[in-house]
Structures are given as structure tokens and as C-alpha cells.
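Visitor: I am new to this structure and would like to begin with a close look at one single part. Please start at one residue and then lead me outward from there.

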Amino acid sequence: MVLAARGLRRDFGGFTAVKDVDLDVHHARVHALIGPNGAGKTTVFNLLTKFLQPTHGTITLLGEDITNTAPDKVARMGLVRSFQISAVFPHLTVLDNVRVALQRPNRLATQFWKPLSALDALNGKADQLIRSVGLEKERNALAADLSYGRKRVLEIATTLALDPKVLLLDEPMAGMGHEDVGMVAEIIREVARERAVLMVEHNLSVVATLCHHVTVLQRGEILAEGDYASVSDDPRVRTAYMGTEEA
Amino acid sequence: MTLTFELQKQKERTPVVAQTVFLGLGLVLLLLAPLFFYPVFLMKILCFALFACAFNLLLGYTGLLSFGHAAFFGGAAYFTAHAVKEWGVPPELGILVGVVGAALLGAVIGFFAIRRQGIYFAMITLALAQMFYFFCLQAEFTHGEDGIQSVPRGHLFGLLDLSQSSNMYYFVLAIFVIGIAIIWRIINSPFGMILKSIRENETRAISLGYSVRNYKLAAFVMSAALTGLAGGLKALVFQFATLTDVGWQMSGEVILMTLLGGIGTLIGPLFGAALVVTLQNYLATSEFPVTIITGVVFMACVLLFRRGIVGEFYNSRLGRRLGFEHRQKH
């Protein structure tokens with residue numbers, strides 16, 4: 001187990017967005033967090049990555065308590081996330097977006113006296129990542145000029161650039177075309193061989209084929225857990241998704 | 001095939017050649033300028049241009065709008081003036097005192113300000129700068145409302161007499177070029193790339209493991225130190241340091257200069273500073289209030305060319321052809 005949450009709770013004034021959530025994310029497995037809109041999936045992501053502070057509960061990463069750790073430090077410890085709305089640096093090129101992600105692990109982020117050409121040392125690794133997500137044609141294009149789906153792909157490339165131990169992907173397939181969905185699913189499968197992956201995803205066919213474990217959230221609470229087959233047969237899950245048990 | 005390759009290479013070379021020509025031409029104009037203009041007027045432009053460029057390092061490249069940069073500009077002017085006049089240090093050392101003082105002041109103000117974003121950041125910088133203003137008003141070494149007057153320009157490295165206008169002008173020009181070169185190096189460095197990424201998407205930068213606060217503080221201190229360079233220089237040029245330089249109006253003026261010239265362009269603030277200083281100088285004797293004119297110019301700029309003078313040129317057909325194309329958030 002690389003990432004664990006116990007009794008996770010988050011209140012916003014009188015509203016409880018996440019309530020008593022326990023979560024175990026394991027090495028070399030893809031774990032899906034699903035649920036209807038407003039179930040609290042993204043809030044759980046924000047709590048786990050420390051962009052939000054939990055009201056109650058504890059979070060451990062690789063055995064270390066990160067409940068009170070800053071989000072940038074959590075990222076440096078190996079827990080890296082992508083965002084629901086594509087998070088790229090719009091006025092930087094695709095290459096520069098990936099290089100920015102590579103700069104810190106390669107100790108090339110604080111040198112204000114060195115020329116930009118010092119970053120050329122990262123081009124080999126950056127190009128490899130760009131090729132792996134099929135963005136080689138757009139290498140020198142501004143991220144702002146990419147389609148939404150291509151931006152998502154770029155975000156995945158920058159996330160992978162950090163070589164994370166745990167990868168949190170918030171709706172990685174949202175807004176993608178069919179070709180990209182297949183490619184990204186394959187990338188996630190490949191990545192998960194050596195890492196833990198936790199993903200929020202609405203595309204249930206992707207969840208069915210890709211994920212080893214599924215946690216269903218509803219109104220901030222865990223409704224069901226298990227493999228896809230058992231979860232999809234759960235009448236409570238059917239009701240939550242379709243509004244009727246027979247659907 | 002070879003012809004296509006050659007044409008491509010020629011196309012890539014054109015912007016570099018054009019930019020080098022522009023840079024060379026600008027330097028030649030600055031070297032010859034004292035033949036046509038009053039040197040103190042030119043030195044004032046260069047001091048304010050360096051101030052605006054240092055401010056732009058923070059606003060244009062890190063996305064932080066400080067409303068308290070007058071504290072560093074005026075503070076450095078006081079530190080340099082005091083060091084040169086009271087301690088009798090040479091001018092180069094006096095300027096260094098100003099730079100170090102401004103950097104320390106920047107570290108203190110920045111430490112508190114970077115904890116907040118947007119308007120709150122601007123308000124904290126304004127509040128702390130105004131506290132420094134009242135400190136300057138009360139402190140003994142600043143001589144209150146009289147300021148520090150009759151600051152000797154001294155001899156550069158004990159050799160060059162800076163009381164001669166032409167010597168002083170070329171000294172100011174040299175410091176200006178060095179200051180701009182430092183800013184250019186910072187923004188075109190691995191560190192500068194991280195600053196741009198923070199400006200573009202701070203949340204993403206945090207999620208990639210960057211301690212955004214540390215980078216912002218470093219940029220803040222660098223900007224304060226370079227502003228101090230301009231402030232110290234100004235104290236030597238005008239031979240006095242007064243409360244005018246630490247007031248909030250000065251912080252407003254540098255924002256105006258930067259916006260007029262073009263945020264996020266290296267030399268935009270130079271043009272903005274030149275325009276504002278020229279307006280102030282030529283309208284000083286007019287009965288019409290200068291502030292109204294600069295206000296109208298500012299409004300026209302915001303409404304008609306939001307990228308600023310240089311920003312609009314960079315994005316014009318000619319600018320793009322010369323390779324100056326400039327992409328910036330507005």
C-alpha cells in the first residue's frame with residue numbers, strides 16, 4: 001500500500017463534501033474513483049494531494065504521514081496529480097511545458113545566471129515523453145493553440161515527466177477523441193506496471209478494462225468498493241447512477 | 001532540397017539579424033543622445049527606465065503586481081545618499097549600499113506579501129511601503145521633509161569625476177546597460193522559465209513540486225535589488241533623496257510606465273518611462289496639470305493598445321516579420 005487515507009472528512013461551512021472516506025491505493029494497480037457529479041471525487045483528490053486540508057482524518061504516503069504537508073512537498077515525495085480542467089502553461093510551447101516539469105528533478109530550476117540553452121540537456125527526455133503521448137507534430141506549438149484533448153495529453157506527459165510513485169489522474173479522458181482515449185488508456189496501463197494510479201473517470205468502459213479496483217462515492221461517502229464486476233452489480237450503485245435499480 | 005534548406009536558414013536568421021540591428025541602433029542612439037538632449041533629462045529617463053524594467057521583472061514575468069516598489073526606489077536613494085554624503089564612500093560603493101538596502105527591504109516586504117495573491121498582495125505591498133514612507137518621514141538620517149540634499153557625485157573608482165555631466169551620463173548609461181543585461185539574463189534562464197510557468201498557472205507549478213513561494217520571494221528580492229540600483233543612481237544624478245521617491249504616487253507611476261511600454265516585454269518599460277518623463281518635463285512649465293495629461297494618455301493606451309507601445313509593435317505585421325512576436329496574457 002503506497003497511499004492510504006483514514007476517516008477523511010472535509011466540511012465547507014455547514015456542508016460536508018467528504019465524509020469518513022477510507023482509501024487504500026496499492027503499488028502496480030489502477031484504482032478508480034467513480035460516482036455521479038457532485039459525489040466529492042475531486043474534493044478527495046484535492047485532499048489527498050493537500051490542495052485542501054482535511055477537517056478530520058489522516059493521509060499517509062509511502063508510510064509517512066502527510067496530513068499536514070504542503071502540496072508542493074507532497075509532489076516532491078512522489079504523489080503527482082493532473083487536474084479536471086486541463087492544467088498546462090498556455091503561453092509556453094509543448095516542449096517547454098514538458099521541460100518545466102523536468103527542470104526540478106534535474107536540478108535545473110534555480111539557476112538565474114545560466115542561459116536558457118542549459119535546458120537543451122533535457123530535450124532528449126522531453127522528446128521521448130512528447131513522442132510517448134503522440135505530440136511530436138505539435139512539439140513547438142504553444143499549448144494554448146492545442147485542442148482540448150491534446151492539452152489533456154500534454155498534461156499527462158508533464159505529470160509523467162516527474163516519474164511519480166503515485167499518479168492521481170482527474171478525468172484523464174474527458175474531452176478526448178476516440179484515438180486519444182485508446183492511446184491514453186494504454187499509457188496508463190503501461191505506467192501502472194511500476195506505479196500506483198488513482199483515477200477519477202466517467203468513462204465506465206475505460207474503468208472496466210483498465211482498473212483493478214473501483215471505489216464508488218455518493219454524496220461524499222463510500223457507497224461500494226471492489227472490482228468492476230462486483231461494483232457494477234451492486235444495486236445501490238445502479239440506483240446512484242441511473243436513478244433506478246432495474247436500469 | 002538544398003535551396004529550401006538555405007531559404008529556411010535565411011528565414012531563421014532574419015529575426016536574429018533584425019534584433020541585433022535594433023539593439024545596436026538603440027545603443028548608438030543612447031551613446032549619441034547627449035549631443036542632442038540635456039544630459040540630466042536623459043539620465044532621468046534611464047533611471048526611471050531601469051526602475052520600470054526591474055518592476056516589470058515582477059509584474060510581466062512573475063505576474064505579481066506590487067504597489068509598493070517606491071519603497072525600494074526611494075529607500076535605495078536614501079541609503080546611497082546617506083552613505084555617500086555622511087560616510088564619504090565612493091559612488092560605486094554608495095550604489096552598492098542602496099542595492100543591498102533595497103534587497104533587504106524587499107526580503108522583508110516580500111516575505112509578508114507573497115503569502116497572499118492578487119489584490120491582497122498589492123494591498124500588503126502598498127501598506128508596508130507606506131509604513132516605510134512614514135519611517136522615512138520620522139527618521140533622523142533622512143532629514144524629514146527636507147530630504148538629503150547636496151549629495152556629492154564623487155569620483156568613480158577614485159578616477160573619473162562624476163560631477164561632469166557627460167561623465168555622469170556615460171556612467172548612468174553603463175549601469176543601465178548592466179541592469180538591463182541582468183534582467184535579460186534572469187528572464188532568459190532556467191529560473192526565468194519557472195517564473196513564467198508560475199505566472200501562467202501557479203496551481204500547476206505547485207503540483208509539479210515547485211515551492212512557488214520561494215520562487216516568488218526570490219523574484220521579489222531580485223526586482224527590489226534592481227529597483228534599488230535605479231534608486232541609488234537617481235540619488236547621485238539629482239544629488240538629493242526626498243520623500244517624493246518613497247511615496248505611493250511613485251509606485252503608481254512605475255505601473256503606468258510599465259503598462260504604457262508593454263508588460264512582459266524587456267524594453268517596453270524603457271519606452272513607457274521615456275514617454276512619462278518627457279511628458280512630465282515638457283509639461284512642467286505648462287499651466288495645464290501634467291497628471292491629467294498622463295491620465296488621458298494612460299486611458300487611451302488601455303483602451304486602444306492594451307499590449308503597450310512595444311507590445312503592439314511586436315504584434316504588428318512588421319514586428320512579427322522581424323521575429324518580435326509577443327504572446328502575453330492581457
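Guide: Let us begin at Ser211(B), which is found in the loop between α8 (202–207) and α9 of chain B, where helices (H or I, at least four residues) and strands (E, at least two) are DSSP runs numbered from the N terminus. This is a predicted model, in which local features need pLDDT of at least 70 and side-chain atom pairs count only at pLDDT 80 or more, while totals for chains, interfaces and linings use all residues. Residues are numbered from 1 along each chain as its sequence is written, chains are lettered from A and ligands numbered from 1 in the order in which they are written, and side-chain values use heavy atoms, with hydrogens and water left out.

Ser211(B) has a relative accessibility of 17% and therefore counts as buried, a word that here means under 20% relative accessible area, with exposed meaning over 50% and partly exposed in between (1.4 Å probe, protein chains only). Not counting residues up to four places away in sequence, Ser211(B) touches Asp72(A) and Arg76(A), contact being heavy atoms within 4.5 Å.

From here we can turn to the rings. Over all chains the structure holds 17 aromatic pairs; rings of Phe, Tyr and Trp (its six-membered ring) pair if their centres lie within 6.5 Å, and planes under 30 degrees apart count as stacked, over 60 as edge-to-face and the rest as tilted. In one of these pairs, Phe51(A) and Phe83(A) have ring centres 5.7 Å apart and planes at 85°, so they are edge-to-face. This pair links distant parts of the chain, since Phe51(A) sits in the loop between α1 (41–48) and β4 (56–61) of chain A and Phe83(A), 32 residues apart from it, in the loop between β6 (79–81) and α3 (94–103) of that chain. Phe51(A) is partly exposed, with a relative accessible area of 25%, whereas Phe83(A), at 12%, counts as buried.

Another pair, Phe72(B) and Phe220(B), is edge-to-face because the ring centres are 5.6 Å apart and the planes stand at 90°. Phe72(B) belongs to helix α3 (residues 70–86) and Phe220(B) to helix α9 (residues 212–238), both of chain B, so that 148 residues separate the partners of a pair that links distant parts of the chain; both are buried.

Phe72(B) leads us on to Leu105(B), which is in contact with Ala71(B), Phe72(B) and Phe132(B) when neighbours within four places in sequence are left aside. Leu105(B) lies in helix α4 (residues 91–113) of chain B and is buried, with a relative accessible area of 16%. Its C-alpha atom is separated by 8.3 Å from that of Val221(B), although the two residues are 116 places apart along the chain.

Returning to the rings, a cluster of ring pairs links Phe112(A), Trp113(A), Phe191(B), Tyr210(B) and Tyr215(B).

Lastly, there are the nonpolar cores, each a set of buried Ala, Val, Leu, Ile, Met, Phe, Trp, Tyr and Cys residues joined through side-chain atoms within 4.5 Å. In the largest, which has 152 residues, Ile188(A) and Phe171(B) touch the most other members, and helix α2 (residues 39–62) of chain B gives the most to this core, with 19 residues. Apart from this core lies another, of 27 residues, including Val2(A), Leu23(A), Leu168(A) and Ala196(A).
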